[in-house]
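Student: I'd love to go through this fold with you, from its packing to its sheets. Could you bring it up so we can start?

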Amino acid sequence: MVFCHCHNYIWCIISPTFILFCLSLHTYHYLSPYSNTVKETIRLVPVINQERTGKRLVSVQEDPCSGRYIYMHDLPARFNHDLVTKCNTLSQWFDFCPYVKNEGFGPRLNELSWYATNQFMLSVIFYNRMKKYECLTTSSFIASAIYAPFFPGLEVGRFLWGGFNSSVKDVAALDFATWLRRKPEWNRMLGKDHFFVAGRITWDFRRLRDANSKAWGNVLLNLPEAKNMTMLTIESSPYGSNDFAIPYPTYFHPSSDREVIEWQQRVRKSPRRKYLFAFGGAPRPNMTGSVRGELISQCKNAISNSCRLLNCLHKDDLCNSPKNVIRTYMKSDFCLQPPGDSYTRKSTFDSILAGCIPVFFHPGSAYIQYLWHFPKNYTKYSVFIPIDGIKNGTVNVRELLSKIPDNEAVALREEVIRLIPRIIYAQNKLETIEDAFDVSVKMVLRRIEEARIRFREGKEESRKKYYFTGKGEDHEWDSYF
């Protein structure tokens, strides 16, 4: 249907040329708060037809940002800027200030694109990339999504230890929700078109509101406002429907396609890997069900020097050095990734960056997490060893991994190398390669568009989230939780 707005009836009557111009349009563009594409900047360019008819044609030029515009809230400084400038308050145990440098990448490791990046800096990194986003708009009216640059991981990290009560841990989360609720943009879809980036695992924001005041974390994700938004974090919940895991930040933040391709080639052509497998981490003797101690023991006792251990128990330089971690993983065929304090690990992404095939022991470590960044078929890029076999001592990791044929290991590694661009956060938008930021934004826009359609139709949000295809079949991991 073709339609033309006429705000002045008399003017419309005396302007038949304008009416004919409107009726000649092939597309009706109606700007409403629930529009599923962006129409404002589609340019209408009149073109004179040289034929005898003398008809006036209209050429429509596609807007490259159509459906991709994002509006960023101008949050008060207490939600972001102040947390960075007062970086000395972010940790009780060490100086966090070096890690907020270089747009959240941390201290430079060399003159190229390697940085000592802290695993909890995702919200800062994402914010600085969003400021350079090619489809950022100052008009919330035409935006397909709205980004709230809150740094909740940095904020709550100050109070997770030290016996702080709930009023201290919750104050910023409650303030954030109240501030958003009062904005006119919120009323458009009650926040279903909003998203934010947490920077810590989901469990740090899921304390029940009626829980003991000394219980872990704050209540951010249990607030009604947060339940309407999309949250990006480094580890999501298998039970939630609105938090999505995206990669932990690694140490490599390239500025061009060339740097990415050269690194992939270096990893692919690296000399023969010296170790069959490697493990970097510390034991968890006080955690029921942890298999780290057993894996460390198997690594130490592996014959023919087939395992390389980076024991992080003493926090020595070997474990803390990014260069040493990456070099160790580049010398290993497989890298063990057991759960630690939570299901996921930054080490997973360090190993992928080094072309080391990850070995998982629990589906919560990857398979029900990074749905936007990892292949659905987990057998293409990883090895899965059920954790029960390690617990009861019936599985020897070295023996199992040594039985994997060389051609299969090569195929696994090639898939891991192919994943590298999707798990790194570049300094800016690359020429043709999509990095973790690009993939995340694209999927957020897709999710919000689907939510917009449901919102218009009055349908409830789907709760189904964690299903993936493995070996050609849908697999549910409910029995693991």
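Student: Which residues does Phe-334 touch, not counting residues up to four places away in sequence?

Tutor: Happy to help, and keep in mind that this is a predicted model. Contact here means heavy atoms within 4.5 Å. With sequence positions up to four places away left out, Phe-334 touches Leu-276, Phe-277, Ala-278, Cys-356, Ile-357, Val-359, Val-383, Leu-401, Ile-404 and Ala-409.

Student: Which helix gives the most to the largest nonpolar core?

Tutor: That core has 102 residues, and Phe-126, Met-130, Phe-195, Phe-277, Phe-334 and Leu-401 have the most contacts inside it. At least three of its residues come from each of domain 1 (70-245) and domain 2 (257-422). The top contributor, with eight residues, is helix 17 (residues 436-457).

Student: How many residues are in the second, separate core?

Tutor: Among its members are Phe-150, Leu-160, Ala-172 and Met-229. The size of this second core is 23 residues.

Student: In the six-stranded sheet, which strands stand at the edges?

Tutor: This open sheet has the order 4-3-5-6-7-8, with parallel pairing. An edge strand has a single partner, so one side of it is left without a neighbour in the sheet. That applies to strand 4 (136-137) and strand 8 (243-245).

Student: Within that sheet, which residue of strand 6 stands opposite Tyr-147?

Tutor: Strand 5 (residues 145-147) and strand 6 (residues 194-197) run parallel and are joined by two bridges. Opposite Tyr-147 in strand 6 stands Phe-195.

Student: And in the five-stranded sheet, what is the bridge partner of Ala-278 in strand 11?

Tutor: The strand order there is 10-9-11-12-13, again an open sheet with parallel pairing. Strand 9 (residues 275-281) pairs with strand 11 over three bridges. In strand 11, Ala-278 has as its bridge partner Cys-335.

Student: What angle does helix 16 make with strand 12?

Tutor: Helix 16 packs on the sheet and touches strand 11, strand 12 and strand 13. Helix 13 lies across strand 11 and strand 12, at about 170° to strand 11. For helix 16, the angle between its direction and that of strand 12 is about 100°.

Student: How far apart are the end C-alpha atoms of helix 16?

Tutor: Helix 16 (residues 406-419) has 14 residues, and at 1.5 Å a residue it should span 20 Å. The model agrees with that expectation, because the end C-alpha atoms are apart by 20 Å.

Student: Which residues of helix 16 are buried?

Tutor: Their cover includes helix 9 (257-268), strand 11 (332-337) and helix 13 (346-353). The buried residues are Ala-409, Leu-412, Arg-413, Glu-415, Val-416, Ile-417 and Leu-419.

Conventions
Residues are numbered from 1 along each chain as its sequence is written. This is a predicted model: local features need pLDDT of at least 70, side-chain atom pairs count only at pLDDT 80 or more; totals for chains, interfaces and linings use all residues. Side-chain values use heavy atoms; hydrogens and water are left out. A nonpolar core is a set of buried Ala, Val, Leu, Ile, Met, Phe, Trp, Tyr and Cys residues joined through side-chain atoms within 4.5 Å. Buried means under 20% relative accessible area, exposed over 50%, partly exposed in between (1.4 Å probe, protein chains only). Helices (H or I, at least four residues) and strands (E, at least two) are DSSP runs, numbered from the N terminus. Domain bounds come from an automatic or database domain assignment. Two strands pair if DSSP finds at least two bridges between them. The expected span of a helix is 1.5 Å times one less than its number of residues. Axes are lines fitted to C-alpha atoms, for helices over the stretch in contact, and angles run from 0 to 180 degrees between N-to-C directions.
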